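Student: I should like a close look at one part of this structure, with its surroundings described in connected form. Please take helix by helix whatever bears on that part.

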Amino acid sequence: GIPLLSTIGFVLYTRVVVSWWQQILNRLYRWKKTDAVTTLLGSWAMLTLLCGMLAVMLVWNTYSVVALLGSFVLTAAATGLFGQFTLQGGKGHIDKIQIKPHIHIARGTFFAPPRLLALAYMAGLVGVVAHMHSLQSGAALFSPWQTFDAMTLWVIFALSIMLGVMIFSRFKTKVILVFIILHSFLIHAAIPLSHTLPVGGDVYRMMGAQEQLIAGEYIEPVLFPNPQMVQLSWLKLPKVFVQPHKYVYAQLWAYEISAQEVFGVSMHTANRWLIVLLWALFLPLLLYRLGRLLFTSPRYGVWLAALSVVPFSLQALGGLSLAISIGFLAFVWSILLLLLALQGKQMRHWILFALQSVWLFFAHPVYIVVVLIALVGIIVLGSMKGALGALKRVWFAVLSLLAMGVIPVLEWLAGISSFGFSGGKALHAVKQA
């Protein structure tokens, strides 16, 4: 069952700390304090701090109730102190990033759909979710789609078309955003709804690691109490500092262990549903805010948020257990804060960016490298003048093309991934050399 005391305590704690984050986001970015999007992104900021701090302990030591409680205390303290710091200045002003869309938004662009469309969508959504649940299977499958019949896929396709119609309708922006979140849930929840066992590339290995941590066992190497040392040229370092695999999964472990300890959910349930719920809820909201900032319009923000129904289904075979899934949410949040800091031009904005982004190292280290490369690239492009300034667009295009290969190359160098094609052996030889 659900432990009542810890659940009530978490709800009360969240109510207080999220209210502080609402004030911070309102003061720094002029986001409406009572807005649902602001409230939910404040919740994400709280979770980033909380699970980031717990992830540090999981990598450098192990799990304990003291570590979990300490993370709660430190998160509240850091939020409260930063909230007081933001009060020292007036409300921040965020200039719009000058990206002019090619499509002009006007009232005549959209049409007034019948309300029956929304009702039909909700009826279809409920029906598909119930049908998927009735198809639950515990069999070993080659593909997660083996349990679905053709009619289910056609209904999901029809619901996707209906959502597309609503996006270009005169429905209120926030109403459309709610439908996007619901559709995001439908797409992402298809696998756990229809499968009784956790699905994912490393899911059982991850569950084994979580069992070790919850039992208080160490996953070597650790920083304390007995660090293993390694010699790197003339420098002697704790071995845990050069073990990227531990950092890759740290924050994923922190989220799932926290869910198990606070709400009393089983390890199977946490590994089936956690990533799905986080992606379904927070990715549309993050993309919505990013779209509003880049394209200066809530409606464009909704259009960008609609992309949240696409990427997760493409990694369905492994994405439920891979750390890259939780790392991507943290990455999008970090990029949003980086752009806001560049526009706000105040120390408070940069401190918040650093406070939230440092935990990327414990979510998926490659992402923090990408964020730093983006920051350096923006600074360099911004400082170009004269003849170099005239070539800004060329440099931007070149950097964008190079950026496509940054994550695979960094993962390869760190030993996290490998190339599967025939030339992979040659590349491995080059790496060893």
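Tutor: The account below begins with the first helix and its surroundings and then turns to other parts of the chain. The model is a predicted one.

Helix H1 spans residues 4-29 and packs against helix H8, residues 244-263. Their axes lie 7 Å apart and meet at an angle of about 120 degrees, which means that H1 is oblique to H8. On the H1 side, the contact is made by Ser6, Thr7 and Phe10; on the H8 side, Glu261, Val262 and Phe263 take part. By character, the residues of this contact comprise three nonpolar, two polar and one charged.

Tyrosine 29 also belongs to helix H1. With a relative accessible area of 5%, tyrosine 29 is buried, because residues under 20% are counted in that class. Its C-alpha atom is separated by 8.8 Å from that of histidine 349, although the two residues are 320 places apart along the chain.

Histidine 349 leads to helix H13, residues 347-357, where it is one of the buried residues. The others are Arg348, Leu352, Phe353, Gln356 and Ser357. Around the helix axis these buried residues cover an arc of only 155 degrees, and they therefore lie on the same side of H13. A general point of helix geometry is relevant here: an α-helix has 3.6 residues a turn, so residues three or four places apart point the same way.

The loop between H1 and helix H2 (36-60) holds aspartate 35, which is paired with lysine 174 of helix H6, residues 173-194. The two residues form a salt bridge in which the closest N and O atoms are 2.1 Å apart. Side chains of opposite charge can pair when their charged atoms come close. Because of where its partners lie, the pair ties together parts that are 139 residues apart in sequence. A search of the whole structure finds one salt bridge. The two partners may be described by their accessibility: aspartate 35 counts as buried at 9%, whereas lysine 174 is partly exposed, its relative accessible area being 47%.

One further residue may be added, from another helix. Threonine 152 lies in helix H5, residues 150-167, and is buried, with a relative accessibility of 3%. Leaving aside residues up to four places away in sequence, threonine 152 touches Val128, His131 and Met132.

Key. Residues numbered from 1 in each chain as written. Predicted model: local features only at pLDDT ≥ 70, side-chain atom pairs only at ≥ 80, totals over all residues. Heavy atoms only, no water. Helix = DSSP H or I, 4+ residues; strand = E, 2+ residues; numbered from the N terminus. Buried < 20%, exposed > 50% of the residue type's maximum accessible area, 1.4 Å probe, protein only. Contact = heavy atoms within 4.5 Å. Axes fitted to C-alpha atoms, helices over the stretch in contact; angles between N-to-C directions. Parallel < 35°, antiparallel > 145°, perpendicular 65-115°, else oblique. Nonpolar A, V, L, I, M, F, W, Y, C, P; charged D, E, K, R; others polar. Salt bridge = Lys/Arg side-chain N within 4 Å of Asp/Glu carboxyl O. Arc of directions from axis to C-beta.
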